[in-house]
Amino acid sequence: MGKTISCSVLLALISCFYLPFATALDTITPSKSIKDPEFIISQNCVFQLGFFSLANSSNRYVGILHNQIPVQTVVWVANRNSRLKDSSGILNISDDGNLVVSNGKAEVLWSSHVTNTAPNATTAQILDSGNLISTNVEKGRKVEIKSWKSPDDPSDGNFSLGIEPFNILEVVIWNNNELYFRSEPWNGNMFLGLMLPTTVDIDGFSVVADNQQQTFYMAYEFSSDSMLIYFKLDSQGKFIEWRWDAGKGNWTNKYSIYLTDCDVYGKCGAFGIFDSTKRPICSCLEGFKARNIEEWSRGNWSGGCFRTTPLQCQRDNNNGSGAGQDDDGFLEMKMMKVPAFPDRSSIINRDCKDQCMDFVG
(Lines give C-alpha, C1' and ligand atoms only; values in the text may rest on other atoms or scores of the structure.)
Protein backbone atom coordinates (compact mmCIF):
# COMPACT_ATOMS: atom_id res chain seq x y z
CA MET A 1 0.00 0.00 0.00
CA GLY A 2 1.43 3.36 -0.97
CA LYS A 3 1.59 6.38 1.26
CA THR A 4 -1.56 8.47 1.38
CA ILE A 5 -2.07 12.21 1.27
CA SER A 6 -2.10 13.40 4.87
CA CYS A 7 -4.97 15.59 6.00
CA SER A 8 -4.28 18.68 8.07
CA VAL A 9 -4.94 18.60 11.79
CA LEU A 10 -8.05 20.79 11.41
CA LEU A 11 -9.52 18.68 8.61
CA ALA A 12 -8.71 15.51 10.50
CA LEU A 13 -10.58 16.75 13.55
CA ILE A 14 -13.59 17.83 11.49
CA SER A 15 -13.71 14.53 9.63
CA CYS A 16 -13.41 12.43 12.78
CA PHE A 17 -16.00 14.32 14.78
CA TYR A 18 -18.68 14.56 12.10
CA LEU A 19 -18.61 11.12 10.46
CA PRO A 20 -21.81 9.28 11.44
CA PHE A 21 -21.51 6.03 13.40
CA ALA A 22 -17.73 6.44 13.85
CA THR A 23 -16.26 5.81 17.28
CA ALA A 24 -13.65 8.11 18.83
CA LEU A 25 -11.08 5.29 18.98
CA ASP A 26 -8.88 3.54 16.44
CA THR A 27 -8.67 0.35 18.51
CA ILE A 28 -10.90 -2.58 19.42
CA THR A 29 -10.34 -4.07 22.87
CA PRO A 30 -12.02 -6.83 24.91
CA SER A 31 -14.29 -4.16 26.40
CA LYS A 32 -14.76 -2.16 23.19
CA SER A 33 -16.53 -3.77 20.21
CA ILE A 34 -18.31 -2.27 17.20
CA LYS A 35 -21.77 -3.11 15.92
CA ASP A 36 -23.21 -2.57 12.45
CA PRO A 37 -23.13 0.20 11.16
CA GLU A 38 -20.33 1.45 13.44
CA PHE A 39 -16.67 1.69 12.47
CA ILE A 40 -13.36 2.91 13.87
CA ILE A 41 -11.00 5.32 12.08
CA SER A 42 -7.21 5.51 12.01
CA GLN A 43 -5.54 8.35 13.88
CA ASN A 44 -5.39 10.79 10.95
CA CYS A 45 -8.64 9.62 9.38
CA VAL A 46 -6.97 7.85 6.44
CA PHE A 47 -8.63 4.42 6.81
CA GLN A 48 -11.67 3.01 8.54
CA LEU A 49 -12.53 -0.46 9.83
CA GLY A 50 -16.18 -1.40 10.04
CA PHE A 51 -19.32 -2.61 8.30
CA PHE A 52 -20.22 -1.94 4.68
CA SER A 53 -22.18 -3.23 1.67
CA LEU A 54 -21.05 -3.38 -1.94
CA ALA A 55 -22.99 -1.85 -4.82
CA ASN A 56 -26.12 -3.75 -5.87
CA SER A 57 -25.99 -5.93 -2.75
CA SER A 58 -27.62 -5.93 0.67
CA ASN A 59 -25.03 -8.32 2.12
CA ARG A 60 -22.94 -6.89 4.93
CA TYR A 61 -19.21 -7.26 5.36
CA VAL A 62 -16.52 -6.17 7.81
CA GLY A 63 -13.40 -4.69 6.30
CA ILE A 64 -10.92 -1.87 5.85
CA LEU A 65 -11.81 0.97 3.47
CA HIS A 66 -10.26 4.27 2.44
CA ASN A 67 -11.82 7.01 4.54
CA GLN A 68 -10.85 10.09 2.51
CA ILE A 69 -11.75 8.86 -0.98
CA PRO A 70 -15.26 9.65 -2.30
CA VAL A 71 -15.32 6.36 -4.24
CA GLN A 72 -15.83 3.25 -2.11
CA THR A 73 -12.42 1.57 -2.05
CA VAL A 74 -12.14 -1.68 -0.13
CA VAL A 75 -8.67 -2.68 1.07
CA TRP A 76 -9.45 -5.89 2.98
CA VAL A 77 -12.51 -7.98 3.86
CA ALA A 78 -12.68 -10.16 6.97
CA ASN A 79 -15.80 -12.26 6.35
CA ARG A 80 -15.39 -12.41 2.58
CA ASN A 81 -16.57 -16.03 2.42
CA SER A 82 -19.27 -15.73 5.10
CA ARG A 83 -21.39 -12.68 4.40
CA LEU A 84 -23.82 -11.18 6.89
CA LYS A 85 -27.38 -11.26 5.59
CA ASP A 86 -28.62 -8.44 7.83
CA SER A 87 -27.34 -5.58 9.99
CA SER A 88 -27.03 -7.61 13.20
CA GLY A 89 -23.26 -8.04 12.90
CA ILE A 90 -20.71 -7.36 15.61
CA LEU A 91 -16.90 -7.21 15.56
CA ASN A 92 -15.25 -7.94 18.90
CA ILE A 93 -12.47 -9.69 20.79
CA SER A 94 -13.73 -13.15 21.77
CA ASP A 95 -13.09 -14.98 25.04
CA ASP A 96 -10.15 -16.84 23.47
CA GLY A 97 -8.47 -13.58 22.41
CA ASN A 98 -9.32 -13.74 18.69
CA LEU A 99 -10.89 -10.97 16.64
CA VAL A 100 -14.23 -12.34 15.42
CA VAL A 101 -17.24 -11.35 13.31
CA SER A 102 -20.57 -12.68 14.60
CA ASN A 103 -24.20 -12.37 13.56
CA GLY A 104 -27.28 -11.67 15.67
CA LYS A 105 -27.49 -15.34 16.64
CA ALA A 106 -23.97 -15.20 18.12
CA GLU A 107 -22.72 -17.45 15.29
CA VAL A 108 -19.05 -16.78 14.46
CA LEU A 109 -18.72 -16.08 10.73
CA TRP A 110 -15.03 -15.19 10.75
CA SER A 111 -12.14 -15.43 13.20
CA SER A 112 -8.50 -14.36 13.15
CA HIS A 113 -7.66 -17.95 14.22
CA VAL A 114 -4.58 -17.07 16.23
CA THR A 115 -3.44 -19.65 18.77
CA ASN A 116 -1.77 -19.04 22.12
CA THR A 117 -3.53 -15.72 22.58
CA ALA A 118 -3.69 -13.59 25.72
CA PRO A 119 -7.44 -12.80 25.86
CA ASN A 120 -7.35 -9.92 28.31
CA ALA A 121 -4.41 -8.23 26.57
CA THR A 122 -5.55 -8.59 22.95
CA THR A 123 -6.26 -5.45 20.93
CA ALA A 124 -6.73 -4.63 17.23
CA GLN A 125 -5.73 -1.19 15.93
CA ILE A 126 -6.33 0.35 12.50
CA LEU A 127 -3.32 2.41 11.34
CA ASP A 128 -2.95 5.24 8.83
CA SER A 129 -1.01 2.78 6.65
CA GLY A 130 -4.17 0.69 6.24
CA ASN A 131 -2.78 -2.14 8.35
CA LEU A 132 -4.83 -3.73 11.11
CA ILE A 133 -2.40 -4.55 13.90
CA SER A 134 -3.14 -7.17 16.54
CA THR A 135 -1.12 -7.60 19.74
CA ASN A 136 -1.09 -11.34 18.97
CA VAL A 137 1.55 -12.43 16.48
CA GLU A 138 1.49 -15.90 14.94
CA LYS A 139 4.48 -17.19 12.98
CA GLY A 140 4.51 -19.90 10.35
CA ARG A 141 1.42 -18.75 8.45
CA LYS A 142 1.66 -18.16 4.72
CA VAL A 143 -0.03 -14.91 3.73
CA GLU A 144 -1.16 -14.34 0.13
CA ILE A 145 -3.21 -11.81 -1.78
CA LYS A 146 -6.39 -13.55 -2.91
CA SER A 147 -8.51 -12.34 -5.82
CA TRP A 148 -12.24 -11.68 -5.50
CA LYS A 149 -14.64 -13.98 -7.31
CA SER A 150 -16.00 -10.94 -9.18
CA PRO A 151 -16.00 -7.13 -8.75
CA ASP A 152 -19.23 -7.44 -6.72
CA ASP A 153 -18.36 -10.61 -4.80
CA PRO A 154 -15.38 -10.54 -2.39
CA SER A 155 -15.43 -14.30 -1.75
CA ASP A 156 -12.29 -16.21 -2.75
CA GLY A 157 -11.60 -16.20 -6.48
CA ASN A 158 -9.32 -18.48 -8.49
CA PHE A 159 -6.12 -16.46 -8.26
CA SER A 160 -3.63 -15.84 -5.46
CA LEU A 161 -0.36 -13.90 -5.34
CA GLY A 162 2.56 -14.39 -3.01
CA ILE A 163 6.28 -14.96 -2.62
CA GLU A 164 7.78 -18.37 -3.31
CA PRO A 165 11.37 -19.07 -2.23
CA PHE A 166 12.18 -21.57 -5.02
CA ASN A 167 15.99 -21.35 -5.27
CA ILE A 168 15.74 -17.54 -5.25
CA LEU A 169 12.72 -15.49 -4.16
CA GLU A 170 10.13 -14.78 -6.88
CA VAL A 171 6.65 -13.27 -7.05
CA VAL A 172 4.16 -15.80 -8.37
CA ILE A 173 0.47 -15.89 -9.22
CA TRP A 174 -1.39 -19.19 -8.86
CA ASN A 175 -4.57 -20.13 -10.73
CA ASN A 176 -6.05 -22.45 -8.14
CA ASN A 177 -3.18 -24.94 -7.72
CA GLU A 178 -1.50 -24.25 -11.08
CA LEU A 179 1.42 -21.85 -11.49
CA TYR A 180 0.07 -19.01 -13.66
CA PHE A 181 2.78 -16.32 -13.56
CA ARG A 182 6.31 -15.98 -12.21
CA SER A 183 8.29 -12.76 -12.05
CA GLU A 184 11.85 -14.09 -12.25
CA PRO A 185 14.29 -13.83 -9.32
CA TRP A 186 14.74 -10.95 -6.91
CA ASN A 187 18.21 -9.45 -7.51
CA GLY A 188 18.27 -7.32 -4.38
CA ASN A 189 16.61 -4.29 -6.01
CA MET A 190 13.82 -5.60 -8.21
CA PHE A 191 12.19 -8.71 -9.65
CA LEU A 192 13.97 -9.19 -12.98
CA GLY A 193 10.99 -10.34 -15.03
CA LEU A 194 8.63 -7.46 -14.19
CA MET A 195 8.53 -5.49 -17.43
CA LEU A 196 7.39 -2.21 -15.87
CA PRO A 197 6.85 1.04 -17.75
CA THR A 198 9.35 3.83 -17.11
CA THR A 199 6.65 5.78 -15.21
CA VAL A 200 6.60 3.21 -12.41
CA ASP A 201 8.76 3.93 -9.38
CA ILE A 202 10.35 0.58 -8.50
CA ASP A 203 12.41 2.06 -5.67
CA GLY A 204 9.52 1.47 -3.28
CA PHE A 205 9.68 -2.32 -3.54
CA SER A 206 11.55 -4.15 -0.80
CA VAL A 207 11.94 -7.81 0.09
CA VAL A 208 13.03 -9.07 3.49
CA ALA A 209 14.22 -12.65 3.79
CA ASP A 210 15.29 -14.56 6.90
CA ASN A 211 16.53 -17.89 5.56
CA GLN A 212 17.12 -19.36 9.00
CA GLN A 213 13.56 -18.68 10.10
CA GLN A 214 12.19 -19.33 6.60
CA THR A 215 10.40 -15.98 6.78
CA PHE A 216 9.91 -13.84 3.68
CA TYR A 217 7.82 -10.79 2.95
CA MET A 218 7.50 -8.06 0.34
CA ALA A 219 6.48 -4.45 0.90
CA TYR A 220 5.96 -1.37 -1.25
CA GLU A 221 6.21 2.23 -0.11
CA PHE A 222 5.92 4.96 -2.72
CA SER A 223 8.51 7.72 -2.49
CA SER A 224 6.07 10.61 -2.95
CA ASP A 225 3.42 11.88 -0.51
CA SER A 226 1.62 13.67 -3.36
CA MET A 227 0.24 10.51 -4.96
CA LEU A 228 -2.10 7.77 -3.74
CA ILE A 229 -1.40 4.29 -5.14
CA TYR A 230 -2.54 0.76 -4.47
CA PHE A 231 -2.08 -2.64 -6.11
CA LYS A 232 -4.88 -5.16 -6.61
CA LEU A 233 -5.10 -8.74 -7.87
CA ASP A 234 -8.31 -8.78 -9.91
CA SER A 235 -10.69 -11.65 -10.65
CA GLN A 236 -8.93 -12.30 -14.00
CA GLY A 237 -5.51 -12.83 -12.40
CA LYS A 238 -4.01 -9.44 -13.27
CA PHE A 239 -2.02 -7.60 -10.59
CA ILE A 240 -2.78 -3.96 -11.36
CA GLU A 241 -1.47 -0.64 -10.09
CA TRP A 242 -4.21 1.95 -9.49
CA ARG A 243 -3.57 5.67 -8.95
CA TRP A 244 -6.00 8.23 -7.62
CA ASP A 245 -6.84 10.97 -10.14
CA ALA A 246 -8.20 13.92 -8.17
CA GLY A 247 -9.28 15.70 -11.35
CA LYS A 248 -11.43 12.78 -12.49
CA GLY A 249 -12.46 11.88 -8.95
CA ASN A 250 -11.68 8.23 -9.56
CA TRP A 251 -8.97 5.58 -9.70
CA THR A 252 -7.04 5.13 -12.95
CA ASN A 253 -5.43 1.89 -14.12
CA LYS A 254 -1.72 2.47 -14.78
CA TYR A 255 -0.26 -0.96 -15.55
CA SER A 256 -0.43 -4.67 -14.85
CA ILE A 257 2.52 -7.03 -14.27
CA TYR A 258 0.60 -9.57 -16.36
CA LEU A 259 0.30 -7.96 -19.79
CA THR A 260 -0.13 -10.60 -22.53
CA ASP A 261 -0.37 -14.35 -23.03
CA CYS A 262 3.44 -14.28 -23.09
CA ASP A 263 3.35 -13.76 -19.32
CA VAL A 264 1.30 -16.91 -18.70
CA TYR A 265 3.59 -19.55 -17.24
CA GLY A 266 4.35 -22.43 -19.60
CA LYS A 267 2.38 -21.00 -22.53
CA CYS A 268 4.88 -22.43 -25.05
CA GLY A 269 6.11 -25.29 -22.87
CA ALA A 270 9.69 -26.33 -22.15
CA PHE A 271 12.30 -24.84 -24.53
CA GLY A 272 9.57 -22.84 -26.28
CA ILE A 273 9.73 -19.19 -27.37
CA PHE A 274 6.76 -16.81 -27.33
CA ASP A 275 6.61 -13.99 -29.90
CA SER A 276 3.27 -12.21 -30.33
CA THR A 277 4.40 -10.74 -33.68
CA LYS A 278 4.74 -14.18 -35.28
CA ARG A 279 2.27 -16.86 -36.33
CA PRO A 280 2.16 -19.21 -34.65
CA ILE A 281 3.07 -17.28 -31.55
CA CYS A 282 5.11 -20.20 -30.17
CA SER A 283 8.24 -21.71 -31.69
CA CYS A 284 11.14 -23.85 -30.53
CA LEU A 285 14.68 -22.86 -29.63
CA GLU A 286 17.34 -23.51 -32.26
CA GLY A 287 18.25 -27.20 -32.13
CA PHE A 288 14.83 -28.19 -30.74
CA LYS A 289 11.54 -29.28 -32.32
CA ALA A 290 7.94 -29.56 -31.18
CA ARG A 291 7.28 -32.56 -28.96
CA ASN A 292 3.75 -33.04 -30.33
CA ILE A 293 3.27 -31.67 -33.85
CA GLU A 294 -0.44 -32.46 -33.88
CA GLU A 295 -1.10 -30.53 -30.66
CA TRP A 296 0.99 -27.59 -31.88
CA SER A 297 -1.04 -27.41 -35.10
CA ARG A 298 -4.15 -27.04 -32.90
CA GLY A 299 -2.66 -24.12 -30.98
CA ASN A 300 -1.78 -26.11 -27.86
CA TRP A 301 1.93 -25.50 -27.26
CA SER A 302 2.10 -26.54 -23.61
CA GLY A 303 3.92 -29.79 -24.50
CA GLY A 304 6.97 -27.74 -25.44
CA CYS A 305 9.99 -28.84 -27.43
CA PHE A 306 12.78 -31.41 -27.23
CA ARG A 307 16.46 -31.36 -28.19
CA THR A 308 17.26 -32.76 -31.63
CA THR A 309 21.04 -32.64 -31.31
CA PRO A 310 22.64 -34.35 -28.29
CA LEU A 311 25.00 -32.36 -26.09
CA GLN A 312 28.70 -33.10 -26.46
CA CYS A 313 28.83 -34.98 -23.16
CA GLN A 314 26.00 -37.19 -24.39
CA ARG A 315 27.84 -37.85 -27.64
CA ASP A 316 31.06 -38.64 -25.78
CA ASN A 317 29.25 -41.10 -23.57
CA ASN A 318 27.88 -42.77 -26.67
CA ASN A 319 31.27 -44.14 -27.75
CA GLY A 320 32.24 -40.93 -29.49
CA SER A 321 29.52 -41.25 -32.14
CA GLY A 322 29.37 -37.47 -32.41
CA ALA A 323 32.92 -37.10 -33.71
CA GLY A 324 33.23 -34.33 -36.24
CA GLN A 325 30.23 -32.36 -34.92
CA ASP A 326 30.58 -28.86 -33.51
CA ASP A 327 31.37 -28.41 -29.85
CA ASP A 328 28.63 -27.23 -27.53
CA GLY A 329 28.20 -23.46 -27.40
CA PHE A 330 25.89 -20.69 -26.25
CA LEU A 331 23.19 -18.75 -28.11
CA GLU A 332 22.30 -15.28 -26.84
CA MET A 333 18.53 -14.90 -26.35
CA LYS A 334 17.11 -11.43 -25.71
CA MET A 335 13.86 -10.57 -23.89
CA MET A 336 13.68 -14.04 -22.34
CA LYS A 337 12.93 -15.01 -18.78
CA VAL A 338 15.45 -16.98 -16.76
CA PRO A 339 14.23 -20.59 -16.51
CA ALA A 340 12.40 -21.66 -13.37
CA PHE A 341 14.49 -22.65 -10.31
CA PRO A 342 17.70 -20.83 -11.32
CA ASP A 343 20.83 -20.91 -9.15
CA ARG A 344 22.59 -17.72 -8.12
CA SER A 345 26.25 -17.37 -9.14
CA SER A 346 28.83 -14.68 -8.43
CA ILE A 347 30.93 -15.38 -11.52
CA ILE A 348 30.72 -13.35 -14.73
CA ASN A 349 31.67 -13.38 -18.42
CA ARG A 350 33.70 -16.40 -19.62
CA ASP A 351 33.85 -17.91 -16.14
CA CYS A 352 30.11 -18.45 -16.43
CA LYS A 353 30.53 -20.40 -19.68
CA ASP A 354 33.34 -22.48 -18.22
CA GLN A 355 31.34 -23.32 -15.11
CA CYS A 356 28.32 -24.27 -17.20
CA MET A 357 30.37 -26.50 -19.48
CA ASP A 358 31.95 -28.19 -16.46
CA PHE A 359 28.48 -28.81 -15.05
CA VAL A 360 27.18 -30.25 -18.34
CA GLY A 361 30.23 -32.40 -18.73
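This report walks through the strands, cores and a few side-chain contacts of one protein model.

The model is predicted. The protein has 361 residues, and 37% of them are buried. It is built from four helices and 24 strands. What about contacts that span the sequence? If you take the ones between residues at least 6 apart, 39% join residues at least 24 apart.

**Two cores**

Let's start inside. In soluble globular proteins, nonpolar side chains tend to be buried together. Here the largest nonpolar core holds 19 residues. Leu161, Ile173, Tyr180, Phe231, Leu233, Phe239 and Ile257 have the most contacts inside it. Four elements each give two or more residues to this core: β13 (153-164), β14 (170-175), β15 (178-182) and β18 (229-233).

Take Leu161 as a way in. Leaving out residues up to four places away in sequence, Leu161 touches Glu144, Ile145, Val171, Val172, Ile173, Leu233 and Phe239. Apart from this core lies another one, of 18 residues, with Ile28, Phe47, Leu49 and Val101 among them.

**Strands side by side**

Strands of a sheet pair through backbone hydrogen bonds, either parallel or antiparallel. Here are three of the pairings in this model, each with one pair of facing residues.

| Strands | Sense | Bridges | Facing residues |
|---|---|---|---|
| β2 (34-35) and β7 (90-93) | antiparallel | two | Ile34 and Leu91 |
| β7 and β8 (99-102) | antiparallel | four | Leu91 and Val101 |
| β1 and β10 (124-126) | antiparallel | two | Ile28 and Ala124 |

Leu91 turns up twice: Leu91 is the bridge partner of Ile34, and Leu91 also stands opposite Val101 in β8. Val101 is one of the residues of the 18-residue core, too. β7 and β8 make a hairpin with five residues between them. In that turn, Gly97 has a positive phi of about 90 degrees.

Now for β1. The order β1-β10-β11 describes an open sheet of three strands, with antiparallel pairing. β1 (27-28) and β11 (132-134) stand at the edges with a single partner strand each, so one side of each has no neighbour in the sheet. Ile28, which pairs with Ala124 in β10, is also one of the residues of the 18-residue core.

**Arg80, a buried charge carrier**

Is Arg80 buried or exposed? Arg80 has a relative accessible area of 16%, and the cut-off for buried is under 20%, so Arg80 counts as buried. You'll find Arg80 in the loop between β6 (74-77) and β7. A polar atom of the Arg80 side chain lies 2.8 Å from the backbone oxygen of Ser147. Neighbours within four places in sequence aside, Arg80 is in contact with Tyr61, Lys146, Ser147, Trp148, Pro154, Ser155, Asp156 and Gly157.

**Rings**

Two of those contacts, Tyr61 and Trp148, lead on to the rings. The structure holds seven aromatic pairs. In one of them, the ring centres of Phe52 and Tyr61 are 6.0 Å apart and the planes meet at 35 degrees, so this pair is tilted. Phe52 is buried at 5% relative accessibility, and Tyr61 is buried as well, at 3%.

Trp148 has a charge for company: the charged end of Lys232 sits over the Trp148 ring, 5.1 Å from its centre. Elsewhere, Tyr230, Trp244 and Trp251 form one aromatic cluster.

Definitions and conventions:
Residues are numbered from 1 along each chain as its sequence is written. This is a predicted model: local features need pLDDT of at least 70, side-chain atom pairs count only at pLDDT 80 or more; totals for chains, interfaces and linings use all residues. Side-chain values use heavy atoms; hydrogens and water are left out. A nonpolar core is a set of buried Ala, Val, Leu, Ile, Met, Phe, Trp, Tyr and Cys residues joined through side-chain atoms within 4.5 Å. Buried means under 20% relative accessible area, exposed over 50%, partly exposed in between (1.4 Å probe, protein chains only). Contact means heavy atoms within 4.5 Å. Rings of Phe, Tyr and Trp (its six-membered ring) pair if their centres lie within 6.5 Å; planes under 30 degrees apart count as stacked, over 60 as edge-to-face and the rest as tilted. A charge sits over a ring if NZ of Lys or CZ of Arg is within 6 Å of the ring centre and within 35 degrees of the ring normal. Two strands pair if DSSP finds at least two bridges between them. A polar contact is a pair of N or O atoms within 3.5 Å; within protein, one must be able to donate a hydrogen and the other to accept it, and residues adjacent in sequence count only if both atoms are side-chain atoms.
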